[in-house]
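Q: Hey, got a minute to walk me through this one? I'd like to start with what sits around the ligand and then move on to the metals.

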Amino acid sequence: MQTSENSQDDFLFIDDSDEDEILDGDGGDTWQVLIVDDDPEIHSVTQLALSDLVVLGRRLEYLHAYSGQDACKLIEDNHDIVLVLLDVVMETDDAGLNVVKHIRENLKRQDIRIVLRTGQPGYAPEESVIKEYDINDYKTKTELTRRKLVTTVYAAIRSYQQISTVTESRQGLEKIVSGSSKLLEFHSIETYSQGTLQQLVQLIDQDVECLFCARGQGIIDNADDLSFYIIAQQGYSSVLTNQKLETLKDEQVNKQVKTCFTQKKHQYFDDSIYLYIARGGYRAVIYLTLSEPLSDIQKQLLEVSLTGIAIGYENVHLFQKLNNAAYKDWLTNLPNRLEFVRQLDVFAKGDYENEVAALIDLNHFSDVNDALGQDIGNLLLAAVSQRLQTLNCNCKVARVGADVFGIIGSKDCVTPDSLIALFQQPFTAGEQKLPINACFGFCNKEHANSSGVKVLNQINIALNLAKKNRVEHFAYYNPEMEDETQWRLNMIRQLRSDFADNRLELWYQPQLALSTGKVIGAEALLRWRTADGSFISPAVFIPLAEYSGLIVEIGDWVVNQACSQIKVLEEKGYSDVTISVNVSIPQFRRGNFVDTVLSAIQNHQVKPNKLELEITENILMDDPQVVIDSLVELKKYGISIALDDFGTGYSSLSYLQRLPLDRLKIDRAFITDIAQEGQSVIAETIIDLSKKMNLKVIAEGIEEIEQQERLLELGCDEVQGFYYAKPMPESEFLEFLKNNN
Ligand code: C2E
Ligand code: MG
Ligand code: MG
């Protein structure tokens with residue numbers, strides 16, 4: 001069979017070409033052509049026939065196989081074979097067809113071109129095979145004159161090139177599509193630009209250096225100029241990201257990036273390209289170096305991919321804006337509470353032993369807002385925000401609440417002293433110069449919990465204590481504080497429910513006229529008897545009631561209870577006996593304190609001058625005007641006012657003059673040692689002062705007769721103390737009155 005086939009080959013390759021118009025130019029690269037034939041002569045003849053052929057600028061390079069099996073192996077090993085000139089009949093009748101199947105089905109190489117050749121027309125494959133396996137041509141060897149062979153090879157290689165162009169484009173597009181969907185996953189400008197560079201490098205498939213450049217403003221922290229910054233980089237050994245483009249120290253790149261930006265056009269060079277990205281006002285330039293010039297397809301693919309990249313670039317900016325809206329405070333442009341919690345989270349989880357986190361709470365900010373208007377309030381907050389940022393230690397400042405700022409920074413820099421110093425000078429808000437104080441809560445890293453929210457809570461605990469501290473306006477968190485807070489919360493919960501269950505009682509401690517020993521009044525004092533029958537001291541629970549605001553309801557109840565007691569006393573014939581009740585600051589703050597007192601008096605039909613309100617000096621510290629206004633109003637109705645614990649607080653004498661007082665209560669602290677030589681000076685001064693101001697004066701805490709005697713000498717009017725009687729329940733008090741008056 002093989003002999004007969006070969007006998008035809010003698011006619012092969014008769015040179016019928018008078019001119020070789022197909023020869024054109026000389027290229028460096030070659031096309032690999034595999035000749036498969038069991039007849040060695042066919043190999044040499046084919047090679048000879050095609051010897052000078054240059055196709056699309058490249059010469060041919062030959063590989064040889066002498067059986068179907070060899071051919072399969074060679075094709076597997078050589079990926080650059082573009083054309084197989086394949087004998088159909090070799091070791092078997094269908095050896096050639098098996099090679100075709102192997103190429104198309106096993107190796108899945110659709111690009112390799114195949115020209116089938118056979119010695120005898122009778123061995124021609126079915127037409128269906130030619131179609132199914134994408135056979136370029138089928139020729140009997142007799143047909144293959146040199147000219148025909150050249151034409152066939154030329155056509156086959158051309159078609160190979162078209163197929164590979166299409167394939168390259170398709171693969172490129174696939175890369176773009178899959179790359180763009182990956183890019184969609186990036187939400188920050190930095191990661192997006194980095195991802196973009198990676199995608200482009202993959203697309204170009206060269207070892208390149210590349211930079212993503214844009215104007216820094218709004219992208220790079222603290223960059224508010226219009227210079228070009230490097231947002232992302234690839235292929236460079238040094239870190240350039242977040243630096244100005246100038247740090248690259250490459251004049252040419254600097255110039256071309258600017259040109260690209262101003263001309264709004266891509267710039268292609270053989271060794272570099274500058275790609276212009278713009279959409280929705282968001283613009284950038286990508287600079288890439290090239291190891292070889294880009295093909296036209298590559299350029300086209302690049303441009304296709306840039307459309308998607310520009311859309312994505314706009315999207316990440318929009319996303320960043322949304323992010324800013326969620327994590328930035330619009331008024332001060334500082335990070336907001338959410339972001340501060342995130343920063344605290346980093347602080348809590350990282351290695352920040354030398355840092356401290358703090359909260360800064362402005363005192364009386366709402367007064368500024370109320371008195372001067374919200375615009376001034378806003379200006380004040382902006383001024384405070386700016387002042388806080390002058391702390392020169394790279395610390396992070398945030399606005400955490402209406403008048404609360406957060407700060408995280410080095411322990412050496414963020415200290416009570418440094419923060420207090422920031423509030424020494426008044427703040428300028430519009431035309432106003434406003435002196436503002438603040439309280440500070442701190443949490444050192446050593447005590448910080450493991451999550452941001454928890455740390456915020458810890459600083460808050462410290463801040464709340466700082467707010468209550470009248471001497472130092474700051475506190476550092478320590479774990480005991482938390483136990484204390486837990487205890488306090490439990491107590492408040494218990495107090496609330498016991499108050500609702502009527503477990504609070506009002507006891508009475510008699511007050512006597514020193515000259516006659518007669519009971520002229522009584523101080524109403526709260527008693528809390530818990531379910532187990534034990535008493536909790538008012539010194540413990542009153543501050544908790546004040547802290548929780550519960551004192552407002554309790555205080556109302558006390559005033560009503562006292563009025564009903566006055567009525568009982570009146571009915572029993574003790575119409576001269578006054579009842580004093582203690583009043584706390586939250587009661588004044590609520591706003592309708594005056595009304596509730598007046599309606600209690602009215603409801604119980606009692607004389608206003610039988611009710612006395614005791615306020616402490618400290619009440620004046622917070623909100624003197626509110627207190628003074630309410631008291632002046634109540635005084636108009638005849639209600640009596642006493643200043644309690646006098647001498648222990650910080651009130652200035654000017655307040656004393658503005659308060660509509662009826663009497664001063666000398667604190668027990670100045671009575672305890674009064675009988676000792678030289679220890680009565682303060683009590684004496686207070687008594688003199690009250691005489692001069694035309695006020696009555698009562699001494700508290702008399703426990704011994706010697707104290708009473710000294711007070712008599714000093715001219716004190718009235719007394720109250722264990723020496724006469726301890727606070728007692730209503731029934732006992734009535735009994736006491738019966739025996740004394
Ligand atoms: P305060 O208004 O200064 O009341 C006088 C306190 O001194 C009472 O303590 C009383 O029992 C105590 N006391 C009176 N004489 C003597 C004495 O001779 N020796 C000693 N060692 N103590 C004496 P109490 O009842 O424990 O009340 C403590 C504080 O709780 C009161 O101080 C007052 O500030 C507050 N408080 C009591 N009831 C009320 C109330 O209804 N409302 C408000 N806001 N505060 C109240
Ligand atoms: Mg009192
Ligand atoms: Mg007192």
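A: Sure. One term before we start: a residue is near a molecule if one of its heavy atoms lies within 4 Å of it. Also keep in mind that this is a predicted model.

Q: OK, so which residues come nearest to ligand 1?
A: There are 21 residues around ligand 1, and Asn582, Ser584, Asp644, Glu703 and Phe722 come nearest.

Q: What's the mix by class in that shell?
A: The shell around ligand 1 has eight nonpolar, eight charged and five polar residues.

Q: And which elements give two or more residues to the shell?
A: Those are β20, α16 (538-548) and β24. β20 gives the most, with four residues.

Q: Any polar contacts to the ligand I should look at? What does Arg527 do, for instance?
A: Arg527 has a polar side-chain atom 2.9 Å from an oxygen atom of ligand 1. Asp645 also places a polar side-chain atom by a ligand oxygen, at 3.1 Å. With Leu526 the contact goes through the backbone: a polar backbone atom there is 3.1 Å from a nitrogen atom of ligand 1.

Q: How much of the ligand's accessible area does the protein cover?
A: On its own, ligand 1 has 790 Å² of accessible area, and the protein covers 83% of that.

Q: Switching to the metals. What coordinates the magnesium ion listed as ligand 2?
A: Four residues: Glu523 (OE), Asn582 (OD1), Glu614 (OE) and Asp644 (OD), at 2.0 to 2.2 Å. Asn582 and Asp644 are also among the residues that come nearest to ligand 1.

Q: How are those donors spaced along the chain?
A: For ligand 2 the spacing reads E-x58-N-x31-E-x29-D. Glu523 sits in strand β20 (residues 519-529) and Glu614 in strand β23 (residues 611-616), so this pair ties together parts that are 91 residues apart in sequence.

Q: Are Glu523 and Glu614 buried or exposed?
A: Glu523 is buried, and Glu614 is buried too.

Q: Now the other magnesium, ligand 3. Which protein donors does it have?
A: The donors are Asp644 (OD), Asp645 (OD) and Glu700, which is listed twice through OE; they lie 2.1 to 2.6 Å from the ion. In sequence, the donor residues are spaced D-D-x54-E. Asp645 is in strand β24 (residues 640-646) and Glu700 is in strand β26 (residues 696-700), so the two link distant parts of the chain, 55 residues apart.

Q: Wait, Asp644 came up for both ions. How far apart are they?
A: The two magnesium ions are 3.9 Å apart, and Asp644 coordinates both. In other words, Asp644 bridges ligand 2 and ligand 3.

Q: And why does Asp645 count as partly exposed?
A: Because its relative accessibility is 24%, and partly exposed covers the range between under 20% and over 50%. Glu700 falls on the buried side, with a relative accessible area of 13%.

Q: Different topic: backbone oddities. What's the deal with phi at Asp205?
A: Asp205 has a positive phi of about 60 degrees although it is not a glycine. Its place is in the loop between α7 (189-204) and β7 (210-215), and Asp205 is exposed, with a relative accessible area of 62%.

Q: And Lys264, where is that one found?
A: Lys264 is in the loop between α8 (251-263) and β9 (267-268). Here phi is positive as well, about 55 degrees, and again the residue is not a glycine. At 52% relative accessibility, Lys264 counts as exposed.

Q: You mentioned β7 and β9. What is the strand order in the open sheet of five strands?
A: The order is β8-β7-β11-β10-β9, with antiparallel pairing. The edge strands are β8 (228-234) and β9, each pairing on one side only.

Q: How many bridges are there between β10 and β11?
A: Eight: β10 (residues 272-279) and β11 (residues 282-289) pair in the antiparallel sense. Tyr274 stands opposite Tyr287 in β11.

Q: Last one: how do β13 and β14 pair?
A: Strand β13 (residues 396-401) and strand β14 (residues 404-410) are antiparallel, over five bridges. A hairpin through two residues joins them, and Arg399 stands opposite Phe405 in β14.

Notes:
Residues numbered from 1 in each chain as written. Chains lettered and ligands numbered in written order. Predicted model: local features only at pLDDT ≥ 70, side-chain atom pairs only at ≥ 80, totals over all residues. Heavy atoms only, no water. Donors = N, O, S within 2.8 Å, 3.2 Å for Na, K, Ca; no water. Buried < 20%, exposed > 50% of the residue type's maximum accessible area, 1.4 Å probe, protein only. Polar contact = N/O pair within 3.5 Å; in protein donor to acceptor, adjacent residues only side chain to side chain. Areas by Shrake-Rupley, 256 points an atom, 1.4 Å probe, with all protein chains shown as cover. Nonpolar A, V, L, I, M, F, W, Y, C, P; charged D, E, K, R; others polar. Pairing = 2+ DSSP bridges.
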